[in-house]
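Me: I'd like a close look at one helix in this protein and what sits around it. Could you walk me through it in one go?

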Amino acid sequence: MTRRVYIETYGCQMNVADSELMFGVLAGAGYERTDEPAIADVMLVNTCAVRDNAEQRVIGRVGELQRHKRPGDVLGVVGCMAQRLGPALLAQAPRVDLVVGPDAYRSLPELVGHAAEGERRSETEFRSWEHYEDVPAIREPGPTQFVTVQRGCDYRCTFCIVPYTRGPERSRKLDDVVREVRSLVEAGASEVTLLGQTVNSYHDGESDFADLLRGVGAVDGLKRLRFTSPYPTEFTERVIEAMAQTTAVCEHVHLPVQSGSNAVLRRMLRRYTRETWLEVVDRLRRAMPGITFSTDVIVGFPGETEAQFGETLSLLREGGVDEAYTFKYSLREGTPATRLKEFVPDDVASDRLARLIDLVREQSRSRNLGRVGQVHEVLVERPARKGGMMLGRSRTNFLVLLDLPASARGQYHTVRLTGTTGSTFTSVPSASRGLDVL
Ligand code: SF4
């Protein structure tokens with residue numbers, strides 16, 4: 001009888017890629033993928049541990065999924081929250097059978113087998129050699145694909161749980177990455193995003209991230225190459241030169257800053273200053289005209305004063321950031337920041353977050369208004385939520401509404417931007433192939 005596995009994914013793109021990997025591991029043991037928890041024999045929740053509210057959501061969701069459990073079925077929590085809590089999670093959630101960290105997915109068939117016989121287990125050992133190189137991931141087919149090139153992190157930002165849930169940094173072999181990208185392109189993808197916690201610190205022997213960009217960028221048929229998330233100080237001259245000289249590399253960088261205050265950056269153990277972050281933005285702008293930037297910002301980090309928060313606002317203005325993912329600091333047990341004093345009261349942090357969001361919206365709206373009339377090449381990605389339109393993305397990461405049928409998914413169209421809602425553009429087809437096409 002066919003056994004079915006359902007995986008629900010929370011958190012970052014790395015988790016999405018890991019879920020595809022887990023489908024691959026379990027397919028090797030005869031499991032089929034299902035999107036229906038009610039008919040699944042195995043239900044896994046792939047979790048994030050970066051913020052407390054993400055963990056609370058998972059606890060709630062696990063409670064809901066329990067309803068679908070029949071005798072012999074297995075309910076597991078996997079990913080970063082599983083790694084962080086380990087056996088404590090088994091004690092806290094009696095109907096959870098399995099707790100599996102990101103380095104132990106290879107053991108899933110065996111662990112699931114034991115769990116189906118009533119043996120509850122937690123498997124959270126770090127395996128610094130683990131790349132899952134021989135496991136073929138099972139992906140949703142589509143024009144855009146994610147490829148993990150590095151796992152773990154050697155930085156120790158004081159707020160971050162990731163080094164404790166994903167272990168030390170390790171990179172895949174360059175040839176293996178290129179081979180995987182080639183096979184994705186052969187299967188119909190034309191855009192690939194390379195994933196790593198500090199992706200531009202990638203290294204394989206003598207080869208660095210610049211070599212990786214050039215190697216992947218040379219794959220025949222690959223039109224677009226993106227990467228996330230880079231660490232600001234890892235943008236060496238070699239990397240920037242490779243970005244500028246590799247046609248597939250897109251004119252958009254997600255460049256996390258976290259704070260605009262040097263004092264806060266020091267307490268976060270971010271290894272750059274406001275000035276060096278702005279310098280990286282400037283060097284990238286000079287190397288790649290038309291490039292756009294998004295970033296991550298945390299407000300209310302312990303000890304953040306009103307003046308220091310003001311420096312974050314001014315940095316976003318000065319840097320001309322187009323989009324920012326904004327968060328209130330969330331205390332994570334086991335991270336160095338728990339030892340810092342002067343916690344910012346929640347109402348103060350909430351007020352700062354609201355002001356930050358206002359600034360980002362306003363800035364992105366006014367920058368986007370200035371772009372109306374530009375011509376861009378867009379890749380048609382998926383149906384838009386409303387209006388029977390399709391949604392496409394420019395190389396600069398602009399989301400563009402397109403009056404095209406669903407069958408246009410995966411096609412490239414050149415359009416003129418006709419208006420903006422603030423974050424999304426409307427468009428008409430354009431015959432232009434001039435210099436303003438990005
Ligand atoms: S670089 Fe810092 S924020 Fe990013 S994963 Fe590593 S420790 Fe966390």
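Reply: A quick definition before we start: a residue counts as buried if 20 or more other C-beta atoms lie within 10 Å of its own, and as exposed if there are 12 or fewer. Also keep in mind that this is a predicted model.

Let's take helix α11, residues 274-287. Its outward side first: the face turned away from the buried side carries the exposed residues E275, D282 and R286. On the buried list for α11 you'll find R274, W277, V280 and V281. Looking down the axis of α11, those buried residues fall within an arc of 130 degrees, so they line one face of the helix. What covers them includes α10 (262-268), β15 (292-299) and α12 (306-319).

How about the length of α11? The helix has 14 residues, and at 1.5 Å a residue they should span 20 Å; the end C-alpha atoms are 20 Å apart, which agrees.

Now step back to the loop between α10 and α11, where L269 is found. L269 isn't a glycine, yet its phi is positive, near 60 degrees. It has 14 other C-beta atoms within 10 Å, so L269 is partly exposed.

You can set this beside another residue with a positive phi: Y132, not a glycine either, has a value of about 55 degrees. Y132 is found in the loop between β6 and β7, and it counts as buried because it has 20 C-beta neighbours inside 10 Å. E140 is in the loop between β6 (121-123) and β7 (144-148) too, but E140 counts as exposed because it has 9 C-beta neighbours inside 10 Å.

For a second helix to hold against α11, try α8, residues 209-217. Its buried residues are F209, A210, L212, L213, V216 and G217. Seen down the axis of α8, they fall within an arc of 160 degrees, so they line one face of that helix as well. The buried residues of α8 pack against α7 (174-186), β10 (191-195), β12 (207-208), β13 (224-228) and α9 (237-245). While you're there, check the loop between β13 and α9, which is the place of S229: a cis peptide bond joins T228 and S229, with omega at about -10 degrees.

To put both helices on the map, the protein chain is divided into domain 1 (3-123), domain 2 (141-250), domain 3 (254-369) and domain 4 (375-429).

Conventions: Residues are numbered from 1 along each chain as its sequence is written. This is a predicted model: local features need pLDDT of at least 70, side-chain atom pairs count only at pLDDT 80 or more; totals for chains, interfaces and linings use all residues. Domain bounds come from an automatic or database domain assignment. Helices (H or I, at least four residues) and strands (E, at least two) are DSSP runs, numbered from the N terminus. The expected span of a helix is 1.5 Å times one less than its number of residues. The arc is that of the directions from the helix axis to the C-beta atoms. Two residues are in contact if their C-beta atoms, placed from the backbone, lie within 7 Å.
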